[in-house]
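Me: I have a structure open and I don't know how to read it. Can you take me through some of its features, one at a time?

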Amino acid sequence: MSIGEPLPRIDGSIKVTGAARYTADLRVPNMLHAVFVTAIIPAGRVTSVDKREALAEPGVVRVLTHDDMPRSKVAIAGPPFAHSFLPLQDDEVRHEGQPVALVLAETLEAAEAGAKKVSIRYEARTPKTPVAPLWPELDRIALTPKNTGYFFLEPEFAKGDANEELRLAKTRVEGVYSQPSRHHNPMEPSAVLAQWEGDALTVYASTQHVYAVQRGLAALFGISSDRVRVISKHTGGAFGVKGLIWPQEALAALAAKTVGRPVRVVLSRANMYSFLGYQPRIVQKMALGADDRGVLAAVTHDVVNLTSMTDDFIEFATEASKSLYATRSMYLRQRAERAHVPMPTAMRAPVEGPGLWALESAMDELAVDLGVDPLDLRLANYAESDPATGAPWSSKKLREAYEEGARLFGWRDRPRAPRREGDWIIGHGMASCLMGTFRFPSRAQLTLRRDGTAVIATGTQDIGTGTLTIFPQIAADVLGLPSGNIALELGDTNLPEAGPAYGSSSTMGVGAAVLAAAQDVRSKLARLANLAPKEAVMTGGRIGLAGAAYGLPIADVMDHAGETEVIGTGAFDPAQHGAGYSMRTFGAVFVEVGVDPELGLLRLRRVVGSYSAGRIINPRTARAQLLGGIIWGWGMAAMEQSAFDVSLGRFLAKNLAGVAIPVNADIPPDITVHFVAETDDKASPIGGKGVGELGATGVAAAVANAVFHATGKRIRDLPITPDKLVV
Ligand code: MOS
């Protein structure tokens with residue numbers, strides 16, 4: 001099967017049968033298991049550590065703390081590190097859950113038993129805790145971010161005089177929209193196995209970017225990158241929390257160096273809530289000014305997100321307002337609230353995801369105020385070019401996405417008044433979807449053998465999105481072979497360097513490199529066959545001229561040339577593609593919800609998501625990504641929140657038991673994922689863009705808009721739990 005065919009996931013069976021080996025499955029001789037002891041206070045210092053009882057535990061080999069952990073060779077500042085301090089380098093406690101000791105033992109059980117017996121004394125300071133998510137308070141304490149590398153855009157953006165335009169506007173809506181912190185809950189917790197041989201380090205890690213881990217650890221030890229090999233064959237979900245280097249990766253490598261033995265750390269679910277990233281709480285003040293037909297004249301968007309004491313993580317929710325609608329003025333501002341909390345990080349559908357919660361809720365409020373259909377309001381403000389820069393779009397079929405989505409949903413024919421069905425009130429809502437387009441340089445190598453099999457080698461990683469399935473499809477298309485003949489080797493820094501598995505970027509970056517490598521193989525084979533490379537096509541295991549009735553079998557060409565294989569290379573460099581164009585993916589999501597006002601229940605009944613995301617390589621895996629995104633969006637809308645206890649200065653939940661996330665029973669079968677026909681030849685030669693995160697955007701607002709339609713209640717604080725709906 002090749003591009004455009006709905007090939008099922010080729011890694012499906014090894015994953016569900018347990019044959020796929022994750023980092024936590026790996027063992028090497030002489031390996032020690034490591035377990036973290038984490039701080040029980042949110043702020044202060046460690047005054048003493050008594051290791052005696054822990055060391056007396058059978059099997060415990062060593063207890064490392066800030067006293068005896070070797071120091072990093074560099075001051076960590078910014079990415080690829082997730083934050084700029086490394087635990088166990090000094091006695092300071094910067095948040096509850098920070099690692100303060102690492103227990104190394106012959107077995108996991110011994111390490112866990114030892115960890116319970118490490119006795120730590122603290123000197124507690126009064127922590128800075130998050131204030132209530134209310135606007136005037138947050139506005140007063142919010143800080144303008146310092147450039148620590150954890151944000152990538154200007155914290156302030158202005159076009160025209162938005163405040164004046166807002167003042168003059170015939171119609172204004174204004175609201176404050178909040179969403180709580182939410183944790184990533186990948187099925188596989190983060191894990192790392194570090195092994196030294198002399199001054200060479202091999203690290204097996206559950207990561208979204210093997211090269212980030214390689215570079216960061218090389219810097220940490222003051223060695224060159226080629227002394228560090230990072231391997232990640234399977235990563236069991238990530239959602240952003242495995243994109244940077246977190247403490248366990250650095251500390252496992254430091255510990256392995258210290259004790260001269262390989263060290264493996266598999267984080268507990270509690271650890272995931274203790275010192276890994278999460279999407280921070282975000283509060284957004286949004287105002288729209290429009291004429292009496294709803295044409296926007298001003299958008300102001302003021303965002304404050306929670307961050308740690310050490311670094312400014314900024315959730316650029318204002319990107320939504322910057323990119324989605326034409327408006328002659330805008331004022332956008334990003335600030336942070338600092339507290340003794342773990343460092344936040346990007347989480348699936350960051351940036352525009354949170355931004356659309358505010359913007360698309362406010363747009364609905366504007367539509368209601370004006371008595372305009374919400375879809376017509378979007379169309380009236382359609383941005384033909386980038387609203388912030390004026391640059392043309394690389395491609396945009398949002399108008400088609402609106403129209404086709406509306407048709408599939410029956411939006412235009414929906415009942416205008418909410419409908420009653422027994423105890424349920426049925427409401428409808430819609431929102432636009434939007435996601436940034438991130439592209440990273442990538443390389444790939446492709447080896448075609450005389451028997452018509454091939455192997456692609458590229459140092460990307462598979463986090464469960466369909467990567468392993470679609471890259472062989474891309475090569476199969478060029479080589480005229482069944483994609484089952486094409487294997488893919490990935491997840492290793494010894495392979496040609498490829499981009500990270502985040503930012504919905506893999507298809508464009510790695511996919512384009514694979515495409516180029518396959519084309520290179522075809523050209524080389526054509527030359528061996530004395531065919532003009534530009535005119536050669538491959539099909540059915542043969543190479544020939546386009547339009548010719550038959551071609552030469554691959555084996556014959558290679559035999560004749562005395563070769564057993566042909567190796568091609570390919571690269572994608574974003575700087576070479578689409579300069580001067582703005583790139584985004586777009587969509588529209590239409591939902592039907594049911595509300596039981598007496599019990600406060602909210603149910604999702606049906607969804608149509610209609611997307612403009614470039615060429616779709618594999619409709620099945622792409623649909624799965626968008627479907628997963630919609631479900632993710634439902635979680636954001638109705639369920640997910642990581643409650644923070646201000647008296648304890650910590651996230652309350654330390655495991656999944658207290659965390660509501662969507663399960664099958666929450667999700668109706670009636671979800672339609674639709675892609676408009678589109679090819680974006682500017683974003684990448686592959687014609688596609690990103691699909692991993694787009695589906696998660698817009699959903700929360702569409703749901704809240706449907707809730708308003710059903711009940712007349714405008715919910716501006718996520719998640720929409722029963723207490724907010726009960727009569
Ligand atoms: Mo995603 S937050 O780009 O892993």
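Reply: Start with helix axes. An axis is a line fitted to C-alpha atoms, for helices over the stretch in contact, and angles run from 0 to 180 degrees between N-to-C directions. Keep in mind that this is a predicted model.

Me: How close do the axes of α10 and α17 come, and at what angle do they cross?

Reply: Helix α10 covers residues 352-370. Helix α17 covers residues 699-711. Their axes come within 8 Å and cross at roughly 30°. Angles under 35 degrees count as roughly parallel. So α10 is roughly parallel to α17.

Me: Is the crossing of α10 and α17 left-handed or right-handed?

Reply: The crossing is right-handed.

Me: Which residues make the contact?

Reply: From α10 come Leu 356, Trp 357, Glu 360, Ser 361, Asp 364 and Val 368. From α17 come Ala 700, Ala 701, Ala 704, Asn 705 and Phe 708. By type, these residues divide into 7 nonpolar, 2 polar and 2 charged.

Me: Where can I practise on another helix pair?

Reply: Take α13, residues 467-479, and α14. Their axes come within 9 Å and cross at roughly 30°. The two helices are therefore roughly parallel to each other. Their crossing is right-handed. Among the contact residues are Ile 470, Phe 471 and Ile 474 of α13, and Val 510, Gly 511 and Val 514 of α14. The residues of this contact divide into 11 nonpolar, 4 polar and 1 charged.

Me: Now sheets. In what order do the strands of the sheet with β18 and β31 stand?

Reply: Read a sheet from one edge to the other. Here 5 strands form an open sheet in the order β18-β19-β27-β28-β31. The pairing is mixed.

Me: Why is one side of β18 and of β31 left without a neighbour in the sheet?

Reply: β18 (419-421) and β31 (671-675) stand at the edges. Each has a single partner strand, so one side of each has no neighbour in the sheet. Then look at the twist. Neighbouring strands of this sheet are turned by 30° against each other on average, direction ignored.

Me: In which sense do β19 and β27 pair?

Reply: They pair in the antiparallel sense, over 12 bridges. β19 is residues 424-436, and β27 is residues 584-596. For one matched position, find Met 430: it stands opposite Phe 590 in β27.

Me: Which strands does α16 touch?

Reply: Helix α16, residues 619-639, packs on this sheet and touches β28 (601-612) and β31. Its direction makes about 125° with that of β31. You have already met α17. That helix packs on the sheet too, touching β19, β27 and β28. The direction of α17 makes about 155° with that of β19.

Me: How many strands form the sheet with β22 and β26?

Reply: This open sheet has 4 strands, in the order β22-β21-β20-β26. Its pairing is mixed. β22 (486-489) and β26 (565-572) are the edge strands. Neighbouring strands here are turned by 20° against each other on average, direction ignored. β20, residues 442-449, pairs with β26 in the antiparallel sense over 8 bridges. Ala 444 has Gly 570 of β26 as its bridge partner.

Me: Which helices pack on this sheet?

Reply: α14 (residues 506-528) touches β20, β21 (454-457) and β26. Its direction makes about 145° with that of β26. α15 (residues 554-561) touches β20 and β26. The direction of α15 makes about 85° with that of β20.

Me: What about charged side chains?

Reply: Side chains of opposite charge can pair when their charged atoms come close. The structure holds 50 salt bridges. One of them joins Arg 261 and Glu 106, with the closest N and O atoms 2.8 Å apart. Arg 261 lies in the loop between α7 (247-259) and β13 (263-266), and Glu 106 in the loop between β5 (99-105) and α3 (108-117), so the pair ties together parts 155 residues apart in sequence.

Me: Last, the backbone. Where is there a cis peptide bond?

Reply: The bond from Pro 79 to Pro 80 is cis, with omega near 10°. Pro 80 sits in the loop between β3 (60-64) and β4 (92-93). Another cis bond joins Leu 718 and Pro 719, where omega is about -10°. Pro 719 is in the loop between α17 and α18 (722-725).

Key:
Residues are numbered from 1 along each chain as its sequence is written. This is a predicted model: local features need pLDDT of at least 70, side-chain atom pairs count only at pLDDT 80 or more; totals for chains, interfaces and linings use all residues. Side-chain values use heavy atoms; hydrogens and water are left out. Two strands pair if DSSP finds at least two bridges between them. Contact means heavy atoms within 4.5 Å. Angles under 35 degrees count as roughly parallel, over 145 as roughly antiparallel, 65 to 115 as roughly perpendicular and the rest as oblique. A crossing is left-handed if the near helix is turned anticlockwise from the far one by less than a right angle, and right-handed if clockwise. Ala, Val, Leu, Ile, Met, Phe, Trp, Tyr, Cys and Pro count as nonpolar, Asp, Glu, Lys and Arg as charged, and the others, Gly among them, as polar. A salt bridge is a side-chain nitrogen of Lys or Arg within 4 Å of a carboxyl oxygen of Asp or Glu.
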